[in-house]
Every structure is written in C-alpha cells, then in structure tokens.
Number of protein chains: 2
Amino acid sequence: MSPTPDWVKQLKPSGAQGHELLAAERANSNIPVQKLEELLHTKEVIQRRNKITELLKSEPVFDKSQNYFMGRTDRFERALAREKRLRILKKQHNWSFEDFRAATELVGEPGPYGLHDSMFMVTLAGQGTPEQQEKWLTKAEKYEIIGCYAQTELGHGSNVRGLETTATWNEDDKTFTLHSPHLTSSKWWIGSLGRTANHAVVMAQLIIKGKSYGPTPFCVQIRDLKTHEPLENIHVGDIGPKFGYNTMDNGFLLFNHVKVPHISMLAKYTHVDPNTNKFGRRGAPTLVYGTLTWVRSTIVMQAGSVLARGVTIATRYCAVRRQFQDRDAPAGEAETPVLNYTMVQIRLLPLIAATFALHFTGKSMMDMYQANQARMSQVKDQGDAKRGAGPEETESGSDLMADLHASSCALKSLSSSIAAEGLEVCRRACGGHGYSSFSGIGPWYSDYLPTTTWEGDNYMLTQQVARYLLKSARSVLKGERPTNDTTKILSEFQSRREIGCAFDVIGSDKDLVDAFAWRVSFLTFEASKHRDTEKKPWNDLLVDFYRLSKAHAQYMVVKNNLSAVQAIASSSQANNETVDVLMKLFRLFALHTLEQEGSEFYVSGACSKHQIMLARTNAVMKLLKDIRPHAVRLVDAWGFDDWVLDSSLGRADGKVYEDMFYRASELNPLNNITVDPYPESGVLFKRIEKSKL
Amino acid sequence: MSPTPDWVKQLKPSGAQGHELLAAERANSNIPVQKLEELLHTKEVIQRRNKITELLKSEPVFDKSQNYFMGRTDRFERALAREKRLRILKKQHNWSFEDFRAATELVGEPGPYGLHDSMFMVTLAGQGTPEQQEKWLTKAEKYEIIGCYAQTELGHGSNVRGLETTATWNEDDKTFTLHSPHLTSSKWWIGSLGRTANHAVVMAQLIIKGKSYGPTPFCVQIRDLKTHEPLENIHVGDIGPKFGYNTMDNGFLLFNHVKVPHISMLAKYTHVDPNTNKFGRRGAPTLVYGTLTWVRSTIVMQAGSVLARGVTIATRYCAVRRQFQDRDAPAGEAETPVLNYTMVQIRLLPLIAATFALHFTGKSMMDMYQANQARMSQVKDQGDAKRGAGPEETESGSDLMADLHASSCALKSLSSSIAAEGLEVCRRACGGHGYSSFSGIGPWYSDYLPTTTWEGDNYMLTQQVARYLLKSARSVLKGERPTNDTTKILSEFQSRREIGCAFDVIGSDKDLVDAFAWRVSFLTFEASKHRDTEKKPWNDLLVDFYRLSKAHAQYMVVKNNLSAVQAIASSSQANNETVDVLMKLFRLFALHTLEQEGSEFYVSGACSKHQIMLARTNAVMKLLKDIRPHAVRLVDAWGFDDWVLDSSLGRADGKVYEDMFYRASELNPLNNITVDPYPESGVLFKRIEKSKL
C-alpha cells in the first residue's frame with residue numbers, strides 16, 4: 001500500500017491525550033506501585049525479569065511486530081527459531097533455571113520445545129534407570145535429541161487406562177513391538193511432536209504373553225537424527241490449527257509393528273526381565289501425587305497473573321476511552337472515561353480483586369506444599385516419632401497432603417475458569433476495539449484456554465474434590481477428631497447446625513470467611529446425605545459435586561486472601577493505604593462472589609435475604625467507588641512491560657490510538673495487496689499488479 | 001510430508017463405530033425429524049436451502065477444505081472470490097432476494113461485499129434523492145461501484161454525536177470539504193472498506209458558516225475505479241487482524257481537506273440550499289426506529305440457529321465420544337458416551353432448549369413487528385378512526401411499537417449473549433478436541449462474537465430497556481390504564497403486591513411464566529423507587545438496570561416459548577411426542593434459568609426457597625433424563641448439512657475420528673515443511689530441503 005502520508009503522521013487524538021489521562025489516574029492514588037510490585041513478586045524476581053526483558057527486546061528474533069499478522073506456518077517457524085535462540089542465550093549468559101523460566105514466560109508464547117523441557121526430561125529423570133538416563137537424558141539436556149511425551153490418543157484423553165497403543169514383549173529376540181491397532185489409538189495432541197521432536201516417551205499397554213500390565217512408558221526414536229524424516233512404519237505429523245496455541249506443533253503418531261530394544265521401556269519402577277520374560281516392580285512412583293498437587297498449585301498462582309494481563313489492558317484502556325457524557329451531568333460536560341461507569345466497574349474491579357486473591361492463594365498453596373514436603377521427609381526420617389507431639393502436629397502430614405491435593409484440584413478448576421472467563425470479560429469491556437488482535441487480549445485468551453482442560457479437566461476434577469469432602473464428612477459423622485481445616489469446619493458446622501449461625505458478612509471479615517465455610521459444610525453434608533443415606537447414583541450427583549467443589553475453592557480463596565492481607569498488615573510490609581486497598585479488594589471479591597452465589601448462601605442459612613441484597617446494593621457498590629481511584633495503580637503494580645503485553649489498548653503511556661493506527665497503517669501486510677473488486681471482471685482471484693498500472 | 005501410508009488408511013476406530021452409535025441414538029426417539037424441521041423452517045425454506053447447498057458444493061471456489069488452514073490474506077482473497085462468484089450465480093440462476101440471502105448464509109463467512117449489499121445500498125435507497133439514487137444506487141446494484149458505510153471512528157463507536165469527521169460547506173464553489181481533524185477521527189472498523197470498496201457513505205459533522213448541524217451522510221468516491229488506488233488526500237486501508245471476522249476487510253479512512261460536489265450529501269431529509277447556503281429539512285426518517293427494531297428481532301431469531309450449530313456439533317460428538325465407565329456400573333462395562341453424564345447434560349440440554357426458545361421468540365417478535373407495521377399504516381390511513389374500538393385496539397400502535405422496541409433491545413442483548421456464551425460451553429463440552437479448529441465451533445464462535453457489541457452493545461442497550469420500564473412504572477403508579485403487556489404485568493403486580501403470590505412454578509406452566517413476570521415487575525418498581533423516589537444517580541443504577549433488562553428479556557423468552565408450543569399443540573402441526581418434548585424443553589429452559597437467577601426470584605417473593613431447591617434437584621434433573629433420549633434427533637431437526645457445519649466432531653454420520661485424522665494427515669500444510677530441530681546447528685529459520693537429503 002502507499003506509505004502513511006505525512007499529513008496523517010501529524011495527526012493527534014482529539015481532546016485530552018492518553019498519557020495525560022493515565023497521569024491523572026495515577027495522581028488520584030497514593031499507592032506506592034513499586035512497593036506493591038515487590039510485595040507481589042520480590043525484588044529479586046523483578047530485577048531478573050527486567051534484565052532479561054531488556055536482553056530479549058534487543059534480539060531481532062524476538063521482535064513481535066508481525067506476531068498478530070502471521071499465518072500458522074510462519075508463526076510456528078518463528079516460534080521454533082525463538083526456542084533455539086533462547087537455548088543459545090541460556091548458554092551464553094549462563095542462565096539459572098529461574099532465569100530461563102523467566103525468559104520463557106516473557107516470550108509468552110507456547111514454544112515447540114515445550115514438552116521436551118518438561119514432560120520428556122521429567123519422565124526420563126523420574127522413571128528412567130541410570131543407564132537409560134545416560135542414553136537419553138544427557139543428550140536431551142544438550143538438545144542433541146528433542147523429545148516429547150506421547151500419552152493422549154485420538155480416542156482417549158482423561159482415561160489413561162483406556163489407551164489403545166500396545167507394546168508387546170517378544171520373548172524370542174528380547175524386543176518390544178509398538179503398535180497402533182486402531183485409528184483411535186493414534187497419539188494425538190502431543191505437544192512438540194508434530195514437526196519438532198525426534199524422540200518420544202510413548203505410553204503404551206504393556207503386553208507379556210498375552211497379558212496386559214497397564215500403561216507403561218517407552219522412550220522411542222521416531223525421526224531420523226539427520227534428515228528429520230519419520231522412521232519406517234511410523235506415521236507422524238501435526239494435528240492442524242487450533243483455537244490458539246498455534247505456535248506449538250501438537251502432533252499425531254502411529255506405529256505399524258515397530259520393534260524397539262529392551263532398553264526402551266523406562267524401567268525405574270517396572271521392568272521386564274529378559275531372562276525370565278517376567279514383569280517385575282521395584283517400588284512405586286510415590287511422588288506423582290505430590291507432583292500433580294504442585295503443578296496445580298502453580299496453575300492457581302499463574303491464573304492470577306494471566307488474568308492480570310487482561311485486566312491491565314482493559315483497565316488502562318477504559319481510563320483512556322471516553323464515551324458519552326454522564327446522564328446526570330450538566331450539558332456541555334466532556335465525555336466520561338468509561339471506567340467511571342458502574343457497569344464497567346462491576347466487570348473490571350472484581351477481576352482486579354481476583355488477580356490478587358488468586359495470587360495470594362496460589363502462593364499460600366505452594367508454601368504449604370513445600371512446608372509439608374519438608375516436614376514429611378523429616379517425619380519419615382524420624383520414624384514418625386514426633387507425630388501428635390505439638391499443636392501443629394495434630395494435622396498429620398498425610399492428612400494435610402490429602403487436603404492439599406483436594407484443595408489443589410478444586411482451586412485449579414476454579415482459578416483457571418476465573419482467569420479464562422475473566423479474560424473474555426476484559427476483552428468485551430474494551431468495546432469494539434477489544435475484538436482487534438491489537439488489543440492483545442484475544443490471542444492471549446486463546447492460548448490460555450487449554451488450561452481449563454489439561455492437568456485435570458475443570459469439570460472432571462470436581463469429582464475428586466467431592467470424593468474427598470464426602471470422606472471427610474463421613475469421618476466427622478463418625479465423631480473422629482478433626483485432622484485438618486476441612487474436618488475442622490465440617491465439625492464446627494455439625495456442632496452449630498441446630499442453633500444456626502448469625503454471620504455479620506458485611507461488618508466482619510472473619511464472619512465473611514466463616515459464611516463461606518458454612519456454605520461448603522452445608523453442601524458437603526447435603527451431598528453426603530444424597531450419596532450415603534439416600535444411595536443416589538453417582539452420576540445423578542455430578543452437578544451437585546461440581547457446585548460443591550466450586551464452593552470449596554471459593555472458601556479457600558477468600559480464606560487465603562484474608563490471611564495474606566492480614567499477614568502483610570501485621571508485618572508492615574506495606575503502608576496503610578496499600579493495606580486498606582488490599583483489604584477492600586478482599587471484601588470486593590468475597591462479597592461479589594457471595595452475591596453471585598446468593599441462593600446457595602441463602603439456602604444454607606449462611607446469610608439472610610436482606611444481607612444478600614445489602615451485599616450488592618450497598619457493600620459492593622460502595623467498594624467499587626472506594627477502589628476506583630486506585631484502579632490504574634493497582635494494575636501498574638503487576639509490572640507488565642509494554643513489550644510483554646503487546647497491546648495497543650494496554651500501553652502504559654496511554655497512546656492507544658497512535659499504536660492502533662501505526663499497526664494498521666504501517667505493519668499490516670493485507671494492505672500490500674490491491675484487489676479487483678468487480679464480479680463481472682471475470683477475474684476471481686487475480687490481484688491487480690501495481691506495476692501494470 | 002510423506003503421504004498417509006496404506007497401513008494407516010486401513011485403520012478404523014476401536015469399538016462401536018460412530019455411525020452405529022448415532023444410529024442407536026436416533027433409534028431411541030420417535031420424534032419425526034423432518035416434520036419438526038418443517039415446523040421450524042417451513043418446507044419452502046428447506047427446499048430452497050437444499051437446492052442452493054447442492055449448487056454451492058459443486059462450485060470449486062466454495063470448497064472449504066483449506067478454510068481452517070489459510071492465513072489472513074489468503075482467506076480474505078478467497079472470501080472476495082466467493083462474493084464475486086455468488087453475484088454471478090445470482091444472475092445466472094435468477095435468484096430471488098430470499099435465494100440470495102440463503103446462499104450468503106450457507107457460505108457462512110463474513111464477506112467483503114457485506115456492507116455494500118446492506119448499509120451502503122440501504123442508506124442510498126433510504127436517504128438519497130432520486131437524482132442521487134440514479135447516480136449511485138443503480139451502479140451499486142450492478143456492482144459497477146462497490147460501497148461501504150463509514151460511521152464509526154477510532155475514538156467513537158456508540159456515541160454518534162461525538163463523531164469528529166467534518167464536512168464543511170464552501171459557499172464560494174458550492175462544495176463540501178471532508179476532513180479528518182484528529183487521529184481519533186479516522187473512520188475505523190468499516191466493513192468492506194479496507195480493500196474492497198471504491199465508494200463510501202461517510203457520516204460527518206455538517207458545518208455551515210461555522211455552525212454544526214450534526215452527523216450527516218455523504219456519498220464519496222474513495223478509490224480509482226480502474227486502478228483501485230486511493231484518490232488523492234485519502235488514506236485508506238485494512239485495520240488488521242481480529243479475533244474473528246478475518247474474511248472481512250474492516251477498514252480505516254482519513255480525509256485531508258477533500259472537496260466533494262454538492263450532490264455528495266444525501267439529501268432526502270436534510271439538504272443545503274446552494275443558493276441561500278442554508279440548511280433545510282424535509283421530513284424526518286421515521287422508519288429508523290422501526291428498522292432497528294426489525295434488525296434486532298432478526299438477531300434474536302438468528303441467535304437460535306447460531307447456537308444450534310454449536311449444539312448440533314457438541315451433542316453428536318458427545319454421543320460418539322466415550323470416556324470412563326459409569327462409577328456405579330459393574331466392572332468390565334464398556335465406556336459410557338459422555339452425553340450420559342449429567343454434568344454434560346446440564347451444559348448441553350438447556351442449550352438445546354435455548355435454541356428452540358430463541359427461535360420461537362425471534363419469530364414471534366418478527367410477526368408482531370410486521371402485524372404492527374401493517375396496522376400502523378392502516379390506522380394512519382384511516383386517521384386513527386378506529387383507535388380504542390375493539391379489544392385488540394386497546395393497545396395502540398405506538399405503545400405497542402415502544403414496547404416492541406424495548407423488548408427487541410432487551411432480547412437482542414440476552415439472546416446474543418446466550419448464543420455467544422453457549423457456543424463456548426459447547427466447545428468445552430467437546431473436551432480436548434473442542435480446541436481443534438476442526439471442531440468447527442471455535443471459528444464460528446469467533447465470527448459471531450461481534451454480535452454482542454454491534455447493533456447496540458449488549459450492556460449499553462439495557463439502559464434503553466430500563467428507561468422504558470421506568471416510564472411504564474410511572475404510568476402504572478399514576479393509575480393509568482394498561483396499554484400493552486408490560487403495563488399489564490406491572491399493574492397486576494401492583495394490585496397483588498400486598499397479598500403476595502403463590503406460583504406453582506413446578507406444577508403449572510402458566511404459573512412458571514407468571515413468576516418471571518412477577519420478578520420483572522418487582523425489579524422494575526425497585527428501580528423506580530431508587531431513581532424516582534430516592535433520586536439515586538443514573539450511573540449508580542446501571543448494574544440494576546442491566547439485571548432488570550435481563551429479567552425482562554428472560555420473561556419475554558419463556559412467555560413466547562410457551563405460547564409458541566401451545567399454538568403448535570392446538571394447531572396439531574406436530575405429533576404428541578414432539579409436542580411433549582417441546583413442552584419439556586420449554587420447562588427446562590425456564591426452570592434452569594429460574595434456578596440460575598434463584599436469588600432474584602427468591603428476593604422478589606416469586607418463589608420460595610424450597611421451590612428453588614426443588615427446581616434444581618428434582619425438576620431440572622428429571623427433565624434432563626426425559627429429554628436425553630431425544631437429544632440427537634432434536635439437533636438433527638435443525639437440518640444443518642455437513643458442508644455447512646464443516647466440523648469433524650459434528651458429522652451426521654458420526655465419523656468423527658476418521659475426519660479429524662483425514663484433515664490432519666492429508667490437508668494440513670504445516671506437514672509439508674521439515675524443520676531443523678537443533679539449537680546448535682546455527683540455523684534459526686532455514687528448513688531442511690528435502691532435495692538435499
């Protein structure tokens with residue numbers, strides 16, 4: 001297209017400029033942004049992030065300007081190039097594990113080495129023998145081989161036991177035959193497999209003498225190390241475009257009776273004895289339970305920052321965007337920033353509150369997990385000698401672990417749903433421009449969405465939570481002594497059930513949290529009644545279980561949020577104004593949630609009808625007003641660099657319109673083509689070549 | 001990549017085949033699919049659709065196989081080629097307006113002629129003088145010029161009065177100067193403008209002798225008719241990629257003091273007298289009000305079928321996809337189709353119900369609109385002579401029109417939100433595969449999303465509804481006689497308010513609808529109290545207004561849904577089984593909604609706590625069970641051709657896995673590249689060329 005003419009380049013947005021509007025916003029609040037940022041992330045993390053951000057910005061391959069325009073193939077190739085460059089930088093700069101993870105997060109796109117660095121290496125390290133690790137892990141660490149983790153199949157996702165790929169032991173030549181007997185047994189969705197990997201850890205049903213020993217991991221070469229072509233009788237490729245995640249080559253993989261040597265079966269815990277042809281076990285991978293808990297806890301914390309990106313963009317843009325005069329304002333008044341409209345505030349401010357609530361909750365989960373892991377290994381060393389000795393020890397390690405595990409399931413489900421749905425709320429709060437890729441929210445949302453499905457589908461997971469809560473209820477009903485927070489709140493509910501409760505949810509923060517505990521307890525005993533007393537089919541209760549899990553997770557979030565803010569207050573890590581706003585954000589999240597779930601709170605007796613009405617019409621509306629002036633500083637405190645956000649609408653300097661225009665007028669490749677617009681020209685496709693004019 | 005090997009081509013999915021599973025589903029219900037389809041669409045519409053579908057399928061340019069793989073530029077060029085071909089077919093086959101609209105809908109993608117055919121021509125026809133129509137409309141009809149409608153600007157969307165583009169009358173040479181004084185005055189989001197149009201109807205502030213006369217339409221040439229290059233001092237282009245709608249070239253447009261002749265200003269209603277240099281009016285475009293009502297009514301009806309596509313895909317796939325055994329089932333049982341899980345049913349079946357509810361509601365809105373238009377023109381002819389004469393005449397045409405207008409706003413907001421959010425629910429109900437573009441839901445959702453923002457933003461619109469309801473409340477409080485359904489229900493509520501109500505929402509369909517009316521009335525008088533008595537600021541009530549509008553729309557939907565099913569029953573258009581299922585779908589939609597909005601029903605006194613609990617735990621769960629066997633036939637009745645759905649998961653023959661695999665293995669262009677996977681190779685981008693191997 002013709003380059004942007006000079007007369008266009010001289011134009012400015014009308015009225016108050018974006019940077020002036022954001023400056024005015026920032027002047028309205030005294031929250032010390034940097035202090036709050038340090039409170040969230042620590043100084044060390046911020047410094048590391050800033051250092052690496054500057055480095056990445058200076059590297060041409062990480063230039064983002066064409067990201068939103070590129071088609072699938074180009075995006076994938078660039079993503080792979082970035083992955084390669086990251087590994088070179090890692091070596092050059094001698095990055096620590098944390099440095100490298102920070103860099104990956106800053107690049108902010110799913111990369112084709114994703115499954116190599118994580119599940120491929122983790123599985124080799126965790127389930128391979130020393131010999132196997134020598135063979136593959138050392139090469140994998142140097143990227144001399146690239147791997148992936150092939151579990152999910154076309155016909156089976158969640159149900160691992162249903163996997164169809166087989167690995168049959170051949171007694172004669174001491175090999176395994178990998179085979180895909182059905183179309184549905186094709187490995188599918190396997191990250192890094194489509195184009196990148198030349199090795200795969202393949203989960204297959206181990207069969208010895210016609211007997212199945214269940215899903216077992218095999219490390220298998222799938223492509224030639226030089227030509228990168230698939231090996232014989234292996235069909236492998238990319239599964240095609242997705243709603244997001246298109247920088248990743250999720251792949252498929254089929255085997256046609258492929259023989260692999262004995263060493264291929266990862267044999268730390270299970271093995272086949274080549275002499276006796278017998279299956280054997282040595283120990284069991286006990287940490288899997290813990291690892292899943294850990295992974296889910298990171299998802300909770302990540303959900304806060306994932307959502308914070310969308311909230312940062314929407315809050316800043318809604319402070320810059322003005323539309324209509326206030327209906328009650330005198331005529332001739334300037335247009336109002338849309339952030340002043342309560343209908344915008346009710347959508348965005350509870351999400352700001354959610355970012356902090358999820359961050360604090362995730363952090364507390366991870367702290368508890370680590371403390372418990374440390375204690376468990378200590379207790380193990382001491383032969384459980386001290387068990388029951390001190391007040392903290394009344395909660396045994398394994399009870400705490402089971403509680404943590406259930407909480408991590410419930411919280412993973414809730415937090416990733418809040419983040420995914422919240423991002424879409426942010427996108428719509430940006431009005432029409434939210435639909436442009438330049439908003440930065442849509443692409444980010446699309447890439448985040450799978451989190452609601454993987455590491456336990458958000459619906460499926462709630463069954464695990466319900467199972468745990470039902471078990472806890474049984475223990476309480478049997479009169480057993482509470483061993484963790486869950487049995488504690490259930491016992492309290494049981495003892496007060498007849499008397500009822502009288503929580504001052506609007507006036508007392510403790511009562512507010514207790515009301516959430518009351519509602520979970522009520523729902524737990526209801527579920528227990530349906531399942532254990534009335535013997536209702538499990539399937540008939542799935543909807544109840546889903547709600548129960550959600551209620552449990554919401555209780556965990558408000559509880560952890562309050563503790564975190566109280567801890568900040570008492571440790572004087574933050575000034576009074578910050579603590580005051582954080583406390584208001586806690587209340588906003590809790591009361592807004594309470595109001596949304598009003599009928600459950602009411603039915604459980606945790607709240608009166610009047611309280612639920614008051615929560616909305618008075619408390620929540622008042623909190624919106626109080627928090628509003630701090631909105632921009634609160635999102636500033638998340639500390640996202642403009643390069644990270646890659647959003648016209650979310651720019652820290654408010655130059656929204658300049659940036660939108662620049663991208664459309666200077667970067668957009670569609671403007672390089674000139675079409676023939678006439679149906680009757682007889683030319684369906686051919687562009688008018690500029691040279692012929 | 002290597003072609004799919006023969007050993008792969010011979011593979012089949014394991015277990016029961018997709019077509020067997022769907023056949024079994026269809027055998028479980030006696031609903032006559034074709035009859036129900038005719039009831040929804042009429043025979044005539046179905047025949048037209050089938051005829052045109054076959055024609056389009058036979059035309060190479062409409063081949064969809066690369067749709068999900070193509071990048072933006074290719075998709076746009078193909079979309080334009082399809083648009084051209086459609087116009088040629090229209091001529092060749094002498095298509096009626098309905099034929100042509102059906103063809104456009106069947107192609108199912110936003111096309112670059114979209115704004116030419118609609119707003120450009122409609123505005124010329126509606127606001128141009130005969131001379132202007134001769135000059136532009138006749139050419140536009142023959143596609144000798146291609147136009148668009150340029151209203152929205154970078155800085156102004158909803159607020160038309162705030163537009164910044166100016167059209168200044170030049171007394172000396174009798175021309176207008178179009179000018180874009182600021183960056184924010186750039187036209188933006190203008191469909192068909194980016195690459196396709198060579199003309200635009202431009203909305204600009206008319207200025208005569210320094211005085212502004214408000215936004216006024218001008219028809220302006222913007223590109224050369226031969227070279228298709230922008231004219232001098234015009235900067236025009238495509239605004240870049242979006243979350244969806246990427247087959248459309250939404251554009252920007254700036255003017256640098258561009259002079260256009262006097263004829264450019266569309267002068268049917270307003271004009272500038274070139275002799276006196278004075279602004280003049282001749283009548284006013286009264287039909288705009290009605291047109292918007294009509295457009296919104298079509299959106300309501302369309303919402304039903306838009307959602308039905310997603311629901312068809314998800315329902316069929318969930319009948320084919322099996323995962324886990326039922327927990328209560330004996331060991332060794334085959335895996336259960338996920339549609340048997342209540343957690344899947346509670347997500348999908350209320351959406352099936354919503355498709356019918358929205359369809360019937362939209363249809364009834366359009367019928368009422370047309371009846372009223374006809375009556376108004378009749379009444380007008382007869383000088384309002386008959387007003388008040390008969391029982392139907394107690395509702396005057398204009399009161400009915402105001403009521404229809406408010407209902408169309410409320411319903412547009414609700415129905416497009418239900419459809420957009422429902423599509424995402426459908427996508428997630430498909431589990432992991434829902435994320436693949438081949439599911440067909442993601443791309444469809446992305447293209448539909450703007451409907452929640454345009455023709456009145458779904459949040460903004462609710463203020464108009466509230467304004468109308470507040471006005472109606474005032475009228476009732478003054479003791480005025482009810483003139484339409486709204487004032488009728490408000491009056492009834494007023495008269496029974498003290499006594500209270502006792503609706504049997506679970507046992508009586510009429511009571512169920514009345515409970516919805518009661519809740520709207522309660523919320524209306526609450527809002528009226530806040531605004532008119534307590535004098536609360538308008539801005540403080542926006543959240544209440546949003547809820548009020550939603551409640552009003554939900555009442556309209558359940559009311560219209562019940563009437564429609566009752567009409568079908570009494571006219572014996574359908575057999576008993578069909579009527580029975582339609583009635584259950586009505587109840588499912590109504591009770592599920594009631595339960596979701598439980599606290600409002602409870603607070604208003606429309607329901608007791610016990611009823612709300614019963615609605616969920618008994619009534620809704622029972623309805624899921626009753627409707628479940630009919631699910632596949634119900635979605636079959638929407639009659640979507642596989643070519644239209646373009647979905648692996650939603651295939652009518654259940655060949656889900658075969659289709660997923662075919663697209664990935666045979667159609668996916670990413671599999672044509674072979675990468676260099678090693679960071680240390682020193683090659684960031686270069687592919688390994690196959691020829692060099």
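**Entry 1: the two chains together**

I began with the interface and found that 156 residues of chain A are in contact with 156 residues of chain B. I keep in mind throughout that this is a predicted model. I then looked up the area buried between chain A and chain B, which comes to about 13800 Å², with carbon and sulfur atoms giving 60% of it. On the chain A side, I noted that W7(A), L183(A) and Y435(A) lose the most area to chain B, although together they make up 6% of what that side buries.

**Entry 2: polar and charged pairs across the interface**

Next I asked myself how many salt bridges there are between chain A and chain B. The count is 12, and one that I looked up in detail joins K625(B) to D540(A), where the closest N and O atoms are 3.2 Å apart. For polar contacts across the interface of chain A and chain B, I wrote down 57 residue pairs, with both residues of each pair at pLDDT 80 or more. I also checked which helix gives the most to the side of chain A that touches chain B, and this is helix 5 (residues 72-92) of chain A, with 12 residues. When I sorted the residues on that side of chain A by type, they divided into 69 nonpolar, 46 polar and 41 charged.

**Entry 3: E526(A)**

I moved on to a single glutamate, E526(A), which has its place in helix 15 (residues 509-533) of chain A. Is E526(A) buried or exposed? Its relative accessibility is 15%, and because buried means under 20%, E526(A) counts as buried. Leaving out residues up to four places away in sequence, I found that E526(A) touches R497(A) and also M613(B), a residue of the other chain.

**Entry 4: the nonpolar cores**

I then turned to the largest nonpolar core, which has 399 residues, and noted that F356(A), L253(B) and F356(B) touch the most other members. For F356(A) I looked up the contacts beyond four places in sequence, and among them are L36(A), L40(A), L582(A), L585(A), L634(A) and W638(A). There is also a second, separate core of 25 residues, which includes A150(A), L178(A), L193(A) and V236(A).

**Entry 5: Y662(A)**

My last entry concerns Y662(A), which I found in helix 22 (residues 656-667) of chain A. With a relative accessible area of 42%, Y662(A) is partly exposed. I also compared its position with that of K9(A): the two lie 653 residues apart along the chain, yet their C-alpha atoms are separated by 9.3 Å.

Conventions
Residues numbered from 1 in each chain as written. Chains lettered and ligands numbered in written order. Predicted model: local features only at pLDDT ≥ 70, side-chain atom pairs only at ≥ 80, totals over all residues. Heavy atoms only, no water. Helix = DSSP H or I, 4+ residues; strand = E, 2+ residues; numbered from the N terminus. Buried < 20%, exposed > 50% of the residue type's maximum accessible area, 1.4 Å probe, protein only. Contact = heavy atoms within 4.5 Å. Buried area = accessible area lost by both parts, 1.4 Å probe. Salt bridge = Lys/Arg side-chain N within 4 Å of Asp/Glu carboxyl O. Polar contact = N/O pair within 3.5 Å; in protein donor to acceptor, adjacent residues only side chain to side chain. Nonpolar A, V, L, I, M, F, W, Y, C, P; charged D, E, K, R; others polar. Core = buried A, V, L, I, M, F, W, Y, C linked by side-chain atoms within 4.5 Å.
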